[in-house]
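Take a look at the model below. Then follow the text through it, one part at a time.

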Amino acid sequence: MEQSRDTAFPDHVRTRVWEELPDPDNAWLATGARCHGYALDEMARRLSFDDTIFLLLRGELPDAAQRRLMSRFLVSFCNPGPRHAASRAVMNAAASGTRNAALPAIGIALLGGEHLGSAEVEHAAAFIAARCSAEPIDLAAQLVALEPPLTPGDRRVAPGFGTLHGNIDSFCLSLAAPLCELARPEGPLAWSARFAAALAGTGCGWLQPGLAAATALELGFTPRAAGLLYQLAGLPGLLAHALETAGRGITAMPFVPEERYEYVDADTGGSA
Amino acid sequence: MNDTTFWDQRRSRIRTRKGGWRIGGGISVHGHSLLEDLVGRRSFFEVLYLEVTGKLPDPRLARWIEASFLCLAFPDPRIWCNQIGALAGSVRLTPTVGISAGVMASESTLYGPGSTRPAHDFLVSAQTARLGGATLEAFIASRTRPGGRVRAPGFTRPIAQGDDRVAALAGLAAELGFVNGTYLGLALEIDALLAPHGDAGLNMLGYLAAFLLDHGDMQIADGECLYALAVNAGVHACYAEAASAPAGGFLPLSCADVQYRGAPARPLPDAWPP
């Protein structure tokens with residue numbers, strides 16, 4: 001027989017992020033708002049959007065070093081690029097007439113995967129946070145030795161570290177340079193750079209999720225927040241690709257023609 | 001004076017006609033016990049119809065609706081919503097998120113459940129015009145652009161001309177004993193009128209709208225709700241295959257596969273920030 005657990009639920013929604021100031025004449029209205037204690041109108045005058053995102057997610061304003069690194073993070077990961085599944089999804093949707101309001105959600109969702117998405121960022125951040133007291137060269141050797149036999153597709157020595165299309169991701173190396181310039185010598189970003197370098201001899205390196213994770217940890221974000229920050233950072237690029245494609249119709253995107261669409265019969269293994 | 005009665009009455013309170021769950025007391029769906037009256041006795045589509053409209057349908061209608069969902073179950077990852085499912089599987093999204101993203105994309109103005117209301121509205125407008133004394137020819141002319149292209153939702157289709165699904169659903173409707181009513185008759189008349197206009201002809205969504213106007217016993221808003229996930233089987237298929245293949249392996253693009261047509265390389269302004 002079903003029985004209630006009599007779970008204790010709060011009577012109110014609770015937040016440490018946002019305080020709405022009630023109108024004395026109508027408590028359903030607010031006269032203003034504070035974000036982690038700062039008046040929103042004052043924030044609008046004095047803070048950048050980067051500062052505001054940091055404040056919202058961390059609860060405090062960034063110091064000068066964090067401010068510079070946060071800005072570089074948001075620029076570095078502003079667009080996963082037109083070949084990423086998230087961009088292709090929003091372009092595909094926009095070209096095929098999907099309602100505009102659904103495009104950001106589709107893009108953000110497709111930027112959430114465990115392969116080159118925010119889930120990989122979160123896993124990578126958890127990995128770095130847990131292992132960054134280890135000597136990078138020793139850990140790299142240890143993890144490479146534990147790698148499973150090679151299978152088709154890319155290698156992952158650890159979340160966020162491996163190969164991209166069979167090689168070290170050279171684009172990620174170029175993205176890492178402006179971020180690592182601002183790294184503290186003993187912080188998670190510098191450690192991750194040493195770990196990535198230690199993997200180079202095995203043909204692996206860091207991937208964008210690993211770089212994003214290390215930078216987010218350097219900024220003081222938790223692994224959970226790191227993944228979300230990565231999705232947030234990539235949204236403007238996704239929307240730009242959606243906007244450039246919307247209204248151009250279904251012929252704006254490729255459609256694999258019949259002669260290159262092969263149906264393999266599951267029973268016979270042959271092409272039908 | 002602020003009258004906030006509307007919101008005050010609803011504060012910390014839910015009022016629903018749908019039903020609900022009483023712990024130990026069962027689950028009620030519009031007055032029916034889910035576990036005692038419905039599970040094992042009614043089909044999923046009968047219960048879905050009940051959940052949306054508040055009425056248990058004629059089982060024949062539920063069977064026809066289920067068949068219409070099947071007609072949208074193309075396991076072809078070239079179809080836009082399915083491709084999003086495949087991409088989602090390829091980048092290792094969880095099934096619910098990935099399949100939901102594909103389903104979300106299907107609320108399109110060009111195909112899928114997002115086109116249901118325009119197809120419905122077109123038929124209702126045509127019938128209203130006819131009842132007002134206009135001929136169908138005049139109505140079609142009023143929906144024809146100067147270049148000769150007819151704007152007839154439910155009678156055009158991306159990529160293909162004609163729609164094999166109409167005959168399949170019409171055959172099932174006949175087998176189940178449904179006869180064409182006002183709107184199915186109207187849809188077939190419009191189909192015949194559009195034939196000389198080239199590529200326009202009754203498609204599945206037009207047929208679906210006409211069938212449900214005749215036999216669905218529901219409002220269009222309920223119809224849109226009922227069909228919200230209609231493409232899901234195709235998205236499921238494409239997600240499942242891509243998710244079980246190596247990550248990143250679905251239709252990969254090399255850099256050369258993306259053509260850049262924007263401004264050429266240029267330096268930032270010297271005075272920055274301004």
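## A walk through two chains

Of the 272 residues in chain A, 38% are buried. Keep in mind that this is a predicted model. Chain A holds eleven helices and six strands. Along the principal axes, its C-alpha atoms fill a box of roughly 75 × 55 × 50 Å. How do the contacts of chain A spread along the sequence? Take the contacts between residues at least 6 apart in sequence: 65% of them join residues at least 24 apart.

Start with the domains of chain A. There are two: domain 1 covers 18–62, and domain 2 covers 74–245. Their C-alpha centres lie 31 Å apart. The two domains do touch. Four residues of domain 1 of chain A are in contact with six residues of domain 2 of chain A. On the domain 1 side, two of these residues are nonpolar, two are charged and none is polar.

Now find a sheet in chain A. Three strands form an open sheet in the order 4-5-6, with antiparallel pairing. Strand 4 (156–158) and strand 6 (205–206) of chain A stand at the edges. Each has a single partner strand, so one side of each is left without a neighbour in the sheet. Look next at how strand 5 (residues 161–162) of chain A meets strand 6 of chain A. They pair over two bridges, in the antiparallel sense. Which residue in strand 6 of chain A is the bridge partner of Phe161(A)? The partner is Trp206(A).

One residue in chain A has an unusual place in this account because of its backbone angle: His36(A) has a positive phi of about 45°, although it is not a glycine. Find His36(A) in the loop between strand 2 (26–35) and strand 3 (38–39) of chain A. Is His36(A) buried or exposed? His36(A) has 15 C-beta neighbours inside 10 Å, so it counts as partly exposed.

Move on to chain B. Its domain assignment gives domain 1 (18–56), domain 2 (59–107 + 230–244) and domain 3 (112–226). The centres of domain 1 and domain 3 of chain B, taken over C-alpha atoms, are separated by 32 Å. These two domains also meet. Four residues from domain 1 of chain B and four residues from domain 3 of chain B make the contact. The domain 1 side has three nonpolar residues, one polar residue and no charged residues.

Chain B has a sheet to look at as well. It is an open sheet of three strands in the order 1-2-3, with antiparallel pairing. At its edges stand strand 1 and strand 3 (32–33) of chain B. Both have a single partner strand, so one side of each is left without a neighbour in the sheet. Strand 2 (residues 26–29) of chain B runs antiparallel to strand 3 of chain B, and two bridges join them. Here Val29(B) stands opposite His32(B) in strand 3 of chain B.

Go back along chain B to Ser12(B). This residue is not a glycine, yet its phi is positive, near 60°. Ser12(B) sits in the loop between helix 1 (5–10) and strand 1 (19–22) of chain B. Only a count of neighbours is needed to place it. There are 6 other C-beta atoms within 10 Å of Ser12(B), so this residue is exposed.

Next, put the two chains together. How many residues does each chain bring to the contact? Chain B gives 31 residues and chain A gives 37 residues. On the chain B side, helix 5 (80–90) and helix 6 (95–105) each supply at least two residues. Helix 5 of chain B gives the largest share of that side, six residues. By class, the chain B side divides into 18 nonpolar, ten polar and three charged residues.

Last comes the core. In soluble globular proteins, nonpolar side chains tend to be buried together. The largest nonpolar core in this model has 123 residues. Which of them touch the most other members? They are Ile106(A) and Leu110(A). Helix 11 (residues 204–215) of chain B gives the most to this core, with nine residues.

Stay with Ile106(A) for a moment. Leave aside its neighbours within four places in sequence. Ile106(A) is then in contact with Ala89(A), Val90(A) and Ala93(A) in chain A. From chain B, Ile106(A) contacts Ile84(B), Ala101(B), Met104(B) and Ala105(B).

Notes. Residues numbered from 1 in each chain as written. Chains lettered and ligands numbered in written order. Predicted model: local features only at pLDDT ≥ 70, side-chain atom pairs only at ≥ 80, totals over all residues. Contact = placed C-beta atoms within 7 Å. Helix = DSSP H or I, 4+ residues; strand = E, 2+ residues; numbered from the N terminus. Nonpolar A, V, L, I, M, F, W, Y, C, P; charged D, E, K, R; others polar. Pairing = 2+ DSSP bridges. Domains from an automatic or database assignment. Core = buried A, V, L, I, M, F, W, Y, C linked by C-beta atoms within 7 Å. Buried ≥ 20, exposed ≤ 12 C-beta atoms within 10 Å, placed from the backbone.
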